[in-house]
Amino acid sequence: MSVDPLALYTILGMALITYGTRAGGFWLMRFVPLSGRVEAWLRSIPGAVIAAVVAPAVWKGGWIELTGLVLAVIAIRLTKQELVAIIVGIGTVAALRQFFPG
């Protein structure tokens with residue numbers, strides 16, 4: 001099995017860039033005082049990322065995706081657990097697509 005050098009260099013380059021952005025973020029945060037506002041901002045990042053990933057799917061999708069989103073919102077309100085809400089939302093969409101393909 002041979003490895004294409006361009007593919008190998010591309011993968012290594014992407015790995016270095018990914019590591020650099022993560023390490024750079026940790027390095028930069030050393031200089032930011034952790035006030036209440038900064039802590040609140042850091043706590044809101046996971047929700048913002050999930051919203052940025054889910055919003056286009058719901059926007060382009062139909063009633064199945066909207067149903068999954070509504071049930072995920074209900075789940076997070078009831079349980080206060082993001083993982084439970086994600087499982088409920090994805091599970092709902094997967095189950096409904098099994099029964100209503102297309």
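**Entry 1: Glu65**

I started with Glu65, which has its place in helix α3. I am working from a predicted model, so I keep that in mind throughout. Is Glu65 buried or exposed? Its relative accessible area comes out at 14%, and because the cut-off for buried is under 20%, Glu65 counts as buried.

Next I looked for a polar partner of this side chain. A polar atom of the Glu65 side chain sits 2.8 Å from the backbone nitrogen of Gly62. Setting aside residues up to four places away in sequence, I found Glu65 touching Ala57, Val58, Val93 and Arg97. I wanted to see which helix contacts these belong to, and that took me to the packing of α3.

**Entry 2: α2 against α3**

I took helix α2, residues 36-60, and checked how it meets α3. Their axes come within 7 Å and cross at roughly 140°. The range over 145 degrees would count as roughly antiparallel, and α2 and α3 are therefore oblique to each other. I noted the crossing as left-handed.

Which residues make this contact? From α2 I listed Val54, Ala57 and Val58, and from α3 I listed Glu65, Leu66 and Leu69. Sorted by character, the contact has 5 nonpolar residues, no polar ones and 1 charged. Ala57 and Val58 were already on my list of residues that Glu65 touches.

**Entry 3: α3 against α4**

I then turned to α3, residues 63-79, and helix α4, residues 82-99. The two pack at an angle of about 155°, and their axes are 8 Å apart. That angle makes α3 roughly antiparallel to α4. Here I wrote down a right-handed crossing.

On the α3 side I found Trp63, Ile64, Glu65, Thr67, Gly68, Leu71, Ala72, Ala75, Ile76 and Thr79 in the contact. On the α4 side the residues are Glu82, Val84, Ala85, Val88, Gly89, Thr92, Val93, Leu96 and Arg97. They divide into 11 nonpolar, 5 polar and 3 charged. Glu65 takes part in this contact, and I had it in the contact with α2 as well.

**Entry 4: Thr92**

I picked one residue of α4 for a closer look, and Thr92 lies in that helix. With 13% relative accessibility, Thr92 counts as buried. How far is the backbone oxygen of Val88 from a polar atom of the Thr92 side chain? I read 2.8 Å for Gly62 and Glu65 earlier, and for Val88 and Thr92 the distance is 2.7 Å.

Leaving out residues up to four places away in sequence, Thr92 touches Thr67, Gly68 and Leu71. I checked these against the previous entry: Thr67, Gly68 and Leu71 are among the α3 residues in the contact with α4.

**Entry 5: Arg77**

Back in helix α3, I looked up Arg77. Its relative accessible area is 62%, and since exposed means over 50%, Arg77 is exposed. I also asked how many residues separate Arg77 from Ala23 in sequence. They are 54 residues apart, and from C-alpha to C-alpha they lie 34 Å apart in space.

**Entry 6: Met29**

My last stop was helix α1, residues 5-29, where Met29 lies. Met29 is partly exposed, at a relative accessible area of 29%. What does Met29 contact, apart from its neighbours within four places in sequence? I found Leu34, Val38 and Leu42. That closes this page for now.

Definitions and conventions:
Residues numbered from 1 in each chain as written. Predicted model: local features only at pLDDT ≥ 70, side-chain atom pairs only at ≥ 80, totals over all residues. Heavy atoms only, no water. Axes fitted to C-alpha atoms, helices over the stretch in contact; angles between N-to-C directions. Helix = DSSP H or I, 4+ residues; strand = E, 2+ residues; numbered from the N terminus. Parallel < 35°, antiparallel > 145°, perpendicular 65-115°, else oblique. Left-handed = near helix turned anticlockwise from the far one by under 90°. Contact = heavy atoms within 4.5 Å. Nonpolar A, V, L, I, M, F, W, Y, C, P; charged D, E, K, R; others polar. Buried < 20%, exposed > 50% of the residue type's maximum accessible area, 1.4 Å probe, protein only. Polar contact = N/O pair within 3.5 Å; in protein donor to acceptor, adjacent residues only side chain to side chain.
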